[in-house]
Amino acid sequence: MLKLRGNILPTKSPLDRRSFLTLGALPALGLTLPRLLAARESDPTRRDVSVILFYMAGGPSHIDMYDMKPDQAAEIRGPFAPIETNLPGLSVCDLMPRHAAIADRLAVVRSITHDLSVHDDATHWLQTGYPLLNARQKGQQHPSQGSIVSYFRTSETQAMPPYVCIPEDYRRHLGFYEHAAFLSSRYNALDAGGDPSLGNYRPPDFALPGEMTIDRVEDRRGLFGALDRLHQKTASLPQFADLEDVQQQSFELVCGSQAREAFDVSQEPDSLRDHYGRHAYGQSALLARRLVEAGVSFVTINLYEKDVDWWDDHYTIEKNLRKRLPAYDQALAALIDDLEARGMSENVLVAAFGEFGRGPRIDNNAGRGHWPKAMHAVLSGGGLKCGQVIGSTTSNGGEPLDRPLRPGDLLATMYHALGIDPTATVPDRANRPIPILGEGEPILELV
């Protein structure tokens with residue numbers, strides 16, 4: 001069982017399923033939501049942009065994916081051949097053929113660089129915007145980008161949690177540093193509840209408090225049914241059509257089934273599920289699209305299985321990427337196609353990156369080591385100026401040749417796309433203002 005971590009209303013304490021399903025909460029909900037929704041519609045500067053982040057934990061090889069070096073010696077260029085794409089200046093690995101048709105909708109940043117070569121330390125930087133030495137011993141010191149977005153969007157996403165991780169945020173298992181740190185736990189992610197490519201996948205559920213009896217659970221199930229019946233009856237009344245849009249939206253958020261249905265990937269046609277791919281990457285990407293369509297602001301796709309989805313390719317990199325890249329290629333391309341077909345591209349920023357790149361030379365273990373001096377990030381949509389390659393690396397891919405950028409610049413660009421000021425602050429536990437980024441500015445070519 002999983003708990004919803006995230007606030008539906010701007011209250012001083014988290015509003016979970018237990019507190020939501022009390023009759024006393026319903027009048028307050030009905031009174032508050034119209035004001036919130038009216039405020040949203042009256043704000044001409046508000047940007048309804050969401051993020052879907054493929055977090056490629058372990059450190060994907062830039063040289064074997066988006067920054068290939070075909071003219072170099074075999075130990076540098078690696079085992080794969082480049083293929084041309086429809087974006088001039090960009091060739092990609094031949095294991096990613098679907099990128100060829102969608103590359104003109106990508107912005108590939110090739111020149112991100114930093115100096116932290118330990119997974120935990122580097123991940124803390126890429127997830128929070130703050131470098132941290134010995135992160136595993138110190139623990140997460142700053143909120144993740146998803147939690148920052150949740151902080152700024154909590155009052156704007158009443159029907160859905162602002163921040164979701166698929167299948168989970170892994171803070172209990174690995175140093176992914178994706179939670180809220182000193183912010184309230186209400187800004188942690190909702191874990192999506194399993195691998196959506198598996199037949200036994202189930203949407204997230206909510207833990208029952210210890211005092212909850214079966215009879216009380218049945219009472220709440222009855223209330224859900226009553227809300228559904230109320231929704232069906234009221235929505236058909238002529239008076240409902242005369243309500244202001246914000247009042248209709250308030251009613252839908254209270255009584256509708258949007259939140260419950262958003263996690264049900266089985267509602268998608270088989271043809272679309274096949275297009276995304278019947279694997280963890282594909283079905284996770286499809287679920288992510290359903291979630292942002294339903295109102296989630298930030299979705300992180302975390303996939304971790306050693307030698308399959310974990311990008312830490314110290315050994316047998318060719319074997320590993322032959323398993324991993326086709327699924328990643330299919331999922332990313334299908335997601336970008338699907339968003340465009342639905343008219344959602346400008347409102348959804350798709351991003352893909354890890355914590356660093358891989359070493360310029362394939363070593364004696366047939367792998368590449370950690371390499372923070374050069375790494376890539378891929379961005380698409382979200383109102384950014386895509387269809388370009390930004391920066392380059394030296395002939396062996398070891399460091400930036402031009403336009404060196406830092407992790408903070410990448411995160412600042414993402415915050416900018418979301419309409420969040422990269423120089424904004426959030427309060428720590430002592431209510432002191434802490435900048436959401438330690439450094440960084442939006443990448444000018446993209447904004």
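Biologist: Which residues touch the most other members of the largest nonpolar core?

Modeller: Happy to start there, with the reminder that this is a predicted model. Several elements each supply at least two residues of this core, including β1 (50-55), β5 (163-166), α13 (280-294) and α14 (317-341). Among the 58 residues of the largest nonpolar core, those touching the most other members are Phe54, Tyr66, Ile166, Leu291, Leu325 and Tyr328.

Biologist: Which element gives the most to this core?

Modeller: The elements that each supply at least two residues include α12 (270-276), β7 (298-302), α14 (317-341) and β8 (348-353). With 12 residues, the one that gives the most to this core is α14.

Biologist: And how many residues does the second, separate core have?

Modeller: That core is separate from the one with 58 residues. Leu53, Ala107, Ile112 and Ala412 are included in the second core, and its size is 50 residues.

Biologist: Leaving aside neighbours within four places in sequence, which residues is Tyr66 in contact with?

Modeller: Tyr66 is one of the residues that touch the most other members of the largest nonpolar core. Its contacts, with neighbours within four places left aside, include Tyr328, which is on that same list. In full, Tyr66 is in contact with Leu90, Ser91, Val92, Met96, His99, Val108, Arg110, Tyr328, Leu332, His376 and Val378.

Biologist: Let's turn to Val292: is this residue buried or exposed?

Modeller: Val292 lies in helix α13. Its relative accessible area is 8%, and the cut-off for buried is under 20%. Val292 is therefore buried.

Biologist: What separates the C-alpha atoms of Val292 and Pro162?

Modeller: Beyond its neighbours within four places in sequence, Val292 is in contact with Ser50, Val51, Ile52, Val299, Met344 and Val348. Pro162 is 130 residues away from Val292 along the chain, yet their C-alpha atoms are separated by 9.2 Å.

Biologist: How many of the residues of helix α5 are buried?

Modeller: Helix α5 covers residues 119-128. The buried ones include His119, Asp120, Asp121, Trp125 and Thr128. Helix α5 is largely enclosed by the rest of the structure, because the buried count is 10 of the 10 residues.

Biologist: Which residue follows α5, with a positive phi?

Modeller: The phi there is near 85°. The residue that follows α5 is Gly129.

Biologist: Are α5 and α15 roughly parallel or roughly antiparallel?

Modeller: The two helices pack with their axes 8 Å apart, at an angle of about 30°. Angles under 35 degrees count as roughly parallel, so α5 and α15 are roughly parallel.

Biologist: What classes make up the contact of α5 with α15?

Modeller: From α5 come Trp125, Leu126, Gln127 and Thr128, and from α15 come Pro407, Gly408, Leu410 and Leu411. By class they divide into 5 nonpolar, 3 polar and no charged.

Biologist: Helix α15 also packs with α7; what is the handedness of that crossing?

Modeller: Helix α7 (residues 145-153) and helix α15 (residues 407-418) have axes 12 Å apart and an angle of about 25°. They are therefore roughly parallel. The crossing of α7 past α15 is right-handed.

Biologist: Which residues make the contact of α7 with α15?

Modeller: By class, this contact has 6 nonpolar, 1 polar and 1 charged residues. On the α7 side they are Gln145, Ile148, Val149 and Arg153, and on the α15 side Leu411, Met414, Tyr415 and Leu418.

Methods
Residues numbered from 1 in each chain as written. Predicted model: local features only at pLDDT ≥ 70, side-chain atom pairs only at ≥ 80, totals over all residues. Heavy atoms only, no water. Axes fitted to C-alpha atoms, helices over the stretch in contact; angles between N-to-C directions. Helix = DSSP H or I, 4+ residues; strand = E, 2+ residues; numbered from the N terminus. Parallel < 35°, antiparallel > 145°, perpendicular 65-115°, else oblique. Left-handed = near helix turned anticlockwise from the far one by under 90°. Contact = heavy atoms within 4.5 Å. Nonpolar A, V, L, I, M, F, W, Y, C, P; charged D, E, K, R; others polar. Buried < 20%, exposed > 50% of the residue type's maximum accessible area, 1.4 Å probe, protein only. Core = buried A, V, L, I, M, F, W, Y, C linked by side-chain atoms within 4.5 Å.
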